[in-house]
Amino acid sequence: MADLEIRNLHVSAEDKQILKGLDLDVSKGEVHALMGPNGSGKSTLANAIMGHPSLEVTEGEVHLLGEDVTETAPEERARAGLFMAFQYPVAIPGVTVAKYLRMAVNAHREARGESEIKLKEFRKVTEAAMELMDIPREFSSRYLNDGFSGGEKKRMEILQLAMLQPQLAVLDETDSGLDIDALRTVAEGVNRLAGPQMGVLIITHYQRILHLVKPDFVHVMYEGRIVKQGGPELVELLEERGYGWIGEEVEAAAA
Ligand SMILES: Nc1ncnc2c1ncn2[C@@H]1O[C@H](COP(=O)(O)OP(=O)(O)OP(=O)(O)O)[C@@H](O)[C@H]1O
Ligand SMILES: [Mg+2]
């Protein structure tokens with residue numbers, strides 16, 4: 001059984017059906033890329049994996065590390081080792097980066113039955129992660145994402161990824177809005193963290209991040225389903241030909 005196993009997932013939001021029978025397997029040690037046109041349901045899938053309360057699962061299942069989490073709360077999934085970097089990270093005024101990271105790290109430790117992280121160790125881990133992500137130290141005392149530039153927010157998400165060391169990470173358009181240097185930093189961060197202990201699902205529109213973080217598997221989403229799967233060669237094909245032919249193939253198959 002895959003570490004993240006999605007079967008026949010149907011999801012709706014405000015009575016609109018968005019995911020229409022989606023299957024996906026992601027295991028630790030694998031990097032998956034999810035592509036597809038605007039509005040095909042990629043972010044909805046990410047939110048459904050995380051258990052977003054505004055979504056309703058009308059059919060199908062999500063299994064995480066062997067457990068059925070279809071009906072569980074986001075906190076529980078996070079504790080089970082799921083991490084999500086959002087397409088639009090939210091600002092948390094009043095909570096500093098350092099405080100937020102410490103809360104997040106301690107929540108994970110508590111879930112594993114470990115004691116709270118010692119301040120000295122926390123500082124050490126944070127400094128190492130910030131250096132890895134090229135984030136200036138003074139960011140520790142700023143309010144999370146408040147007034148951060150787009151690129152800073154994205155780097156901050158990978159910083160959290162580095163500190164939490166989840167078993168499965170879903171990165172929704174972590175590459176959008178990044179300049180070339182920031183993109184490289186984020187990609188290096190992901191590459192450094194990806195390995196036998198972590199599975200990654202990268203949602204993206206562009207091949208440039210997929211040149212830096214090589215996916216083992218590429219999935220294409222179209223109107224709420226994964227309609228095509230392959231290896232890295234699929235990325236180039238999409239870049240060349242766009243998504244029109246995918247739609248034509250799907251319609252021809254349905255006719
Ligand atoms: N909470 C919601 N209520 C109503 N409709 C929603 C909701 N969330 C998503 N949708 C709709 O579902 C469809 C899929 O949206 P989603 O954000 O998953 O697409 P996406 O593939 O991530 O697109 P993009 O590439 O633009 O990020 C869209 O038509 C969107 O308007
Ligand atoms: Mg999206």
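**Strand 9 and its neighbours**

Four bridges join strand 6 (residues 82-85) to strand 9, and these two strands run parallel; strands here are DSSP runs of E with at least two residues, helices are runs of H or I with at least four, both numbered from the N terminus, and two strands pair if DSSP finds at least two bridges between them. I should say early that this is a predicted model, in which local features need pLDDT of at least 70 and side-chain atom pairs count only at pLDDT 80 or more, while totals for chains, interfaces and linings use all residues. Residues are numbered from 1 along each chain as its sequence is written, and chains are lettered from A and ligands numbered from 1 in the order in which they are written.

Within that first pairing, methionine 84 stands opposite valine 170 in strand 9. Five bridges join strand 9 to strand 10, again in parallel, and here aspartate 172 stands opposite isoleucine 203 in strand 10. The chain crosses from strand 9 through helix 6 to strand 10, and this β-α-β crossover is right-handed, that is, with the strands pointing away from the viewer, the path from the first strand over the helix to the second runs clockwise.

How many residues of strand 9 are buried? Five of the five are, so strand 9 is largely enclosed by the rest of the structure, where buried means that 20 or more other C-beta atoms, placed from the backbone, lie within 10 Å of a residue's own. Leu168, Val170 and Asp172 cover one side, and Ala169 and Leu171 the other.

Turning to helix 6, its buried residues include Leu183, Val186 and Val190.

Definitions and conventions. Buried ≥ 20, exposed ≤ 12 C-beta atoms within 10 Å, placed from the backbone.
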